[in-house]
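This report is meant for a reader meeting the structure for the first time. Please look over the sequence and the model before reading on.

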Amino acid sequence: MAIHFLLPVLGINKNVFGLSVAGFGYYHYYWQIFTYMFIHGDISHLFFNMLALLIFGINIEKTLGSKEFLLMYFLIGVLSGLFSLGVYYGFGRFLMMNGIRPWTFGINLIGASGAIYGLLFAYAVLFPRSIIYIWGLIPVPAPLMVLGYAIIEFVSQFVGSSNVAHMTHLAGFAFAWLYFVVRMGVHPLRIWKDAYRR
């Protein structure tokens, strides 16, 4: 059963706890920048995000420690949400200037995917020689998995239509990159080159 059917039963209003330009910017629901990460669209959305958190998060937390892990996770999640909010707002302003109703102001961003994609990136930096088995069959080095996902998300942002916030996923990768460069003084490309030099 989809979680969005359960939201009213649980007393959770997506318009109040999901992240949107209208809620955050006009109604001053500033908590949305955190709460949007805890609301998911359906069971599969929740399941796959939590599965990735379990698979990749445990090793990252053991390596970095709990405090650093939580800082990374929530900072990437918040920044990914703010980035998407800025895009929705900017595009909405563009629509208004052209006499079109700014439908982007009402889009509700939900899910932890931005933070989860940041963890995928972090895993590839911390364990560059790790092999991930896609569908349990196809062995892919962690850095190549990140590159593959980045290409898929970039193409999906511009091709086809869906209610998936692909730009939020890409923002998760970008902010994870910045996190390693700025906070940890680690350059991911250098890590990957060194790992596969021989």
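## An aromatic pair between two helices

Phe-121 has a relative accessible area of 4%, and it is therefore counted as buried, the limit for that class being under 20%. The model described here is predicted, and every value in this report is to be read with that in mind.

Phe-121 and Trp-177 form an aromatic pair, with 5.8 Å from centre to centre and 50 degrees between the planes, an arrangement that counts as tilted. The pair links distant parts of the chain, since Phe-121 belongs to helix H7 (residues 113-126) and Trp-177 to helix H9 (residues 166-183), 56 residues apart. While Phe-121 is buried, Trp-177 is partly exposed, with a relative accessible area of 28%.

## Other aromatic contacts

Phe-121 and Trp-177 also belong to one aromatic cluster, which is formed together with Tyr-117, Tyr-149, Phe-173 and Trp-192. In the structure the count comes to 18 aromatic pairs. One of the pairs is made by Tyr-29 and Trp-31, whose ring centres are 5.0 Å apart and whose planes stand at 20 degrees, so this pair is stacked; the cut-off for stacking is under 30 degrees. Tyr-29, at 23% relative accessibility, counts as partly exposed, and Trp-31 is likewise partly exposed, with a relative accessible area of 37%.

A ring can also lie beneath a charge, as with Tyr-196: the charged end of Arg-129 sits over the ring of Tyr-196, 5.1 Å from its centre.

## The salt bridge

How many salt bridges does a search of the whole structure find? The search finds one, and it is formed by Arg-183 with Glu-68, whose closest N and O atoms are 2.6 Å apart. This pair, too, links distant parts of the chain, with Arg-183 in helix H9 and Glu-68 in helix H6, 115 residues apart. Glu-68 has 15% relative accessibility and therefore counts as buried.

## Helix H6 and the residue after it

Helix H6 (residues 66-97) has 32 residues, and at 1.5 Å a residue these should span 46 Å; the C-alpha atoms at its ends are 46 Å apart, so the expected and the modelled spans agree. Just after H6, Gly-99 takes a positive phi of about 75 degrees.

Met-97 can be set beside Val-155, from which it is 58 residues apart in sequence and 28 Å apart in space, taken from C-alpha to C-alpha. Val-155 has its place in helix H8 (residues 142-158), and with a relative accessible area of 43% it is partly exposed.

## Helix H5 and a nonpolar surface patch

Which residues form a nonpolar patch on the surface? They are Ile-43, Phe-47, Phe-48, Leu-51, Leu-54, Ile-55 and Ile-58, and together they have about 660 Å² of accessible area. Leu-54, one of the residues of this patch, lies in helix H5 (residues 43-64).

Thr-63 is also found in helix H5, and at 45% relative accessibility it counts as partly exposed. Between Thr-63 and Gly-41, which are 22 residues apart along the chain, the C-alpha atoms are separated by 31 Å.

Notes. Residues numbered from 1 in each chain as written. Predicted model: local features only at pLDDT ≥ 70, side-chain atom pairs only at ≥ 80, totals over all residues. Heavy atoms only, no water. Patch = residues over 30% accessible without salt bridge, like charges linked within 9 Å, V, L, I, M, F, W, Y side chains within 5 Å. Areas by Shrake-Rupley, 256 points an atom, 1.4 Å probe, with all protein chains shown as cover. Salt bridge = Lys/Arg side-chain N within 4 Å of Asp/Glu carboxyl O. Helix = DSSP H or I, 4+ residues; strand = E, 2+ residues; numbered from the N terminus. Expected span 1.5 Å × (residues − 1). Phe/Tyr/Trp six-rings, centres within 6.5 Å; stacked < 30°, edge-to-face > 60°. Buried < 20%, exposed > 50% of the residue type's maximum accessible area, 1.4 Å probe, protein only. Lys NZ or Arg CZ within 6 Å of the ring centre and 35° of its normal.
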